[in-house]
Amino acid sequence: MIDRLRRLIRWAWDTLIRYALKFGVVGLIGYFTDVLIFNALRLGLVGDDHFWQSPLGAKIISVTISTLVTWFGNRYWTFREHRRKNFLLELVEFAVVSVGGLLIALLCLWISHYVLGFTSLLADNISTNVIGLFLGTAFRFLMYRYWVYGHHRKDGLTARQHKVEAAAFAIFEDEKSANADAETGDEAAKTAS
């Protein structure tokens, strides 16, 4: 029973919890970048009377910049063992998911500001940086974890490591035992991290 519980905890840690914690740290950095830029634009710190000072314009700019910040963090820290060789395709997919998160936040902001009539800066921040953030973050985490940086990606770093290890073991063994040895080595690497 205790052994089964340990395996369940280990499985949860390896497949979800450690990614969620790292994703949270990167997300906080992205969040502060987003909120800082959004409020700076809304308050007119870069000029008055233009689209970028409006709630929607400010949100588009702030999310674009925070997306680049979080892509670097997720690529090189959170999902580093699943990053892909084709970083441009990865960035495009990351951006598509981020646009989905942006649309969720913009929808919350639009409903609050234009439909419900809550037009204060506080209301704009609550609708987009609390409600929209929560819904968008859940969407982004699931899509990044299981699509952009999914284990199934053929050109991911982990997939390439398996091929290299299998090739190295195959020099001295048959292919079946080489693949088994490569998987055992990967499990040891996961345990060490």
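Which hand does the crossing of α3 and α4 have, right or left? The crossing is right-handed. Keep in mind that we're looking at a predicted model here. The chain is built from six helices and zero strands, and this briefing goes from the whole chain to one helix pair, then to two residues.

**The chain as a whole**
- Reading from the N terminus, the elements go α-α-α-α-α-α.
- Of the 193 residues in the chain, 37% are buried.
- Take the contacts between residues at least 6 apart in sequence: 68% of them join residues at least 24 apart.
- As for surface, about 11,500 Å² of the chain is exposed, and 72% of that comes from carbon and sulfur atoms.

**Helix α3 and its partner α4**
- Helix α3 covers residues 87–115, which is 29 residues.
- From its first C-alpha to its last, α3 reaches 40 Å, close to the 42 Å expected at 1.5 Å a residue.
- Just past the end of α3 sits G117, with a positive phi of about 80°.
- Helix α4 takes in residues 121–148, and it packs against α3 with the two axes 8 Å apart.
- The angle between α3 and α4 is about 155°. Angles over 145 degrees count as roughly antiparallel, so that's the label for α3 relative to α4.
- To come back to the opening point, α3 and α4 cross in the right-handed sense.

**N74, in helix α2**
- N74 belongs to helix α2, which runs over residues 55–78.
- How buried or exposed is N74? Its relative accessible area is 1%, and since buried means under 20%, N74 counts as buried.
- Setting aside neighbours within four places in sequence, N74 is in contact with F23, V26, F79, R80, F94, Y144 and Y149.
- F94 in that list falls within the 87–115 range of α3, while Y144 falls within the 121–148 range of α4.

**R84, in the loop after α2**
- Where does R84 sit? You'll find R84 in the loop between α2 and α3.
- Loop position or not, R84 is buried, with a relative accessible area of 1%.
- R84 and V148 are 64 residues apart in sequence, yet their C-alpha atoms are 9.0 Å apart in space.
- V148 is the residue at the end of the 121–148 range of α4, which ties this loop residue back to the helix pair above.

Conventions. Residues numbered from 1 in each chain as written. Predicted model: local features only at pLDDT ≥ 70, side-chain atom pairs only at ≥ 80, totals over all residues. Heavy atoms only, no water. Helix = DSSP H or I, 4+ residues; strand = E, 2+ residues; numbered from the N terminus. Buried < 20%, exposed > 50% of the residue type's maximum accessible area, 1.4 Å probe, protein only. Contact = heavy atoms within 4.5 Å. Expected span 1.5 Å × (residues − 1). Areas by Shrake-Rupley, 256 points an atom, 1.4 Å probe, with all protein chains shown as cover. Axes fitted to C-alpha atoms, helices over the stretch in contact; angles between N-to-C directions. Parallel < 35°, antiparallel > 145°, perpendicular 65-115°, else oblique. Left-handed = near helix turned anticlockwise from the far one by under 90°.
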